[in-house]
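This report introduces a single protein chain to a reader who has not met it before. The sequence and the model are shown first, and the description follows.

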Amino acid sequence: GVLTVAFQMCYISAMSCGNVSLTVLIVNLSMIIPILVSVFCYGEGLSVLRFFGILLTVFALFLSIDSKVEKRNFRKWFCLSILSSLFSGGLAVCQKIFSKTEWHTHSKPFVVCGYAVATIISILIYIIFKCKGTGISYKINIKVIGYAASIGILLGTFQILNTKAITIIDGTLIFPAYYGGALILSYLSSLLILKEKISNKQKLSLTVGVIAIV
């Protein structure tokens, strides 16, 4: 729960003061942390095929970088991006550790407890900001509540499925497949839903990502 709040706050802040694609790249490279834990702490196999799949995933992430880098506040952006990556990797490690405990079949209560803690921390942070005079800068209405509720439902469902998947799939497979798959789906949503144009470099990244996962 603590890592969830810390990650989300640093992630949003990093994207607001620097290049978005570089921020996403650095955060996605956090997959290296749980992969190393899976290999060295739990002895999960890292075959030659999986190793090259991971390398291709990293290569696909680098190809996804937008060449037009914004230089607003590099030091602040870089520190926030690194912290986001560490918190994201820490989250995955927590799920990996849980998957090896005797309670690994109870993924739903685990996620519920995590988000309950995250909710309490978020409320406390909001109260602190409110006392400092930094409140919500937009009007809360049904539409905003609907968006927030949708995100909450999606995140909760994802974490339950993700935690369950980590208990039955080796970390050397599930983590690169997840991060590579997220890259592919982000491109497809930009292309099909938002009708954005993607560059030849991004098309290559998409292709490499598919090959890496397969």
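## Helix α8 and its surroundings

The buried residues of α8 are covered by elements that include α2 (20-28), α3 (32-40), α4 (48-63), α5 (74-99), α7 (142-168) and α9 (200-213). The model in which this packing is seen is a predicted one. Helix α8 itself runs over residues 171-192, a total of 22 residues. From its first C-alpha to its last, α8 reaches 31 Å, close to the 32 Å expected at 1.5 Å a residue.

Which residues of α8 are buried? They are G171, T172, I174, F175, P176, Y179, G180, G181, L183, I184, Y187 and S190. An α-helix has 3.6 residues a turn, so residues three or four places apart point the same way.

One of the buried residues of α8 is I174. The relative accessible area of I174 is 13%, and it therefore falls under the 20% limit for a buried residue. Leaving aside neighbours within four places in sequence, I174 is in contact with A165, I166 and I169. I174 and N162 are 12 residues apart in sequence, and their C-alpha atoms are 9.0 Å apart in space.

## The chain as a whole

The chain contains nine helices and zero strands. Read along the sequence, its pattern is α-α-α-α-α-α-α-α-α. The radius of gyration is 18 Å, close to the 17 Å that the globule rule gives for 214 residues, so the chain is as compact as a globular protein of that length. Along its principal axes, the C-alpha trace spans about 55 × 50 × 35 Å.

Of the 214 residues in the chain, 36% are buried. Among the contacts with a separation of 6 or more, 85% are accounted for by residues 24 or more positions apart. The accessible surface comes to about 13,200 Å², and carbon and sulfur atoms hold 73% of that surface. As for charge, the chain has 18 positive and 6 negative side chains. The centres of these two sets lie 10 Å apart.

## Helix α6 and its partners

Helix α6 occupies residues 107-131. It has 25 residues and reaches 36 Å from its first C-alpha to its last, close to the 36 Å expected at 1.5 Å a residue. Just after α6, G133 takes a positive phi of about 90 degrees.

The buried residues of α6 are S107, V111 and A118. What covers these buried residues includes α1 (2-17), α5 and α7.

V111 has a relative accessibility of 8% and therefore counts as buried. Beyond its neighbours within four places in sequence, V111 is in contact with G156, Q159, I160 and T163. F158 is found in helix α7. Is F158 buried or partly exposed? At 26% relative accessibility, F158 counts as partly exposed. F158 and V111 are 47 residues apart in sequence, and their C-alpha atoms are 9.9 Å apart in space. V111 and V48, in turn, are 63 residues apart along the chain, with their C-alpha atoms separated by 33 Å.

## Two serines of helix α5

Helix α5 is named among the elements that cover the buried residues of α8, and also among those that cover the buried residues of α6. Two serines, S81 and S84, lie in this helix.

S81 is buried, with a relative accessible area of 0%. Apart from its neighbours within four places in sequence, S81 is in contact with A14, T23, I26 and V27. S84 likewise counts as buried, at 0% relative accessibility. With the same neighbours in sequence left aside, the contacts of S84 are F7, C10, Y11 and V27. V27 is thus listed as a contact of S81 and of S84.

## Accessibility of selected residues

The table gathers the residues described above.

| Residue | Relative accessibility | Class |
|---|---|---|
| S81 | 0% | buried |
| S84 | 0% | buried |
| V111 | 8% | buried |
| I174 | 13% | buried |
| F158 | 26% | partly exposed |

Technical notes:
Residues are numbered from 1 along each chain as its sequence is written. This is a predicted model: local features need pLDDT of at least 70, side-chain atom pairs count only at pLDDT 80 or more; totals for chains, interfaces and linings use all residues. Side-chain values use heavy atoms; hydrogens and water are left out. Helices (H or I, at least four residues) and strands (E, at least two) are DSSP runs, numbered from the N terminus. The radius of gyration is taken over C-alpha atoms; the globule rule is 2.2 Å times the number of residues to the power 0.38. Buried means under 20% relative accessible area, exposed over 50%, partly exposed in between (1.4 Å probe, protein chains only). Contact means heavy atoms within 4.5 Å. Accessible areas come from the Shrake-Rupley method with a 1.4 Å probe; for residues, only the protein chains shown count as cover. Lys and Arg count as positive and Asp and Glu as negative; His and the chain ends are not counted. The place of a charge is taken as NZ of Lys, CZ of Arg, CG of Asp or CD of Glu. The expected span of a helix is 1.5 Å times one less than its number of residues.
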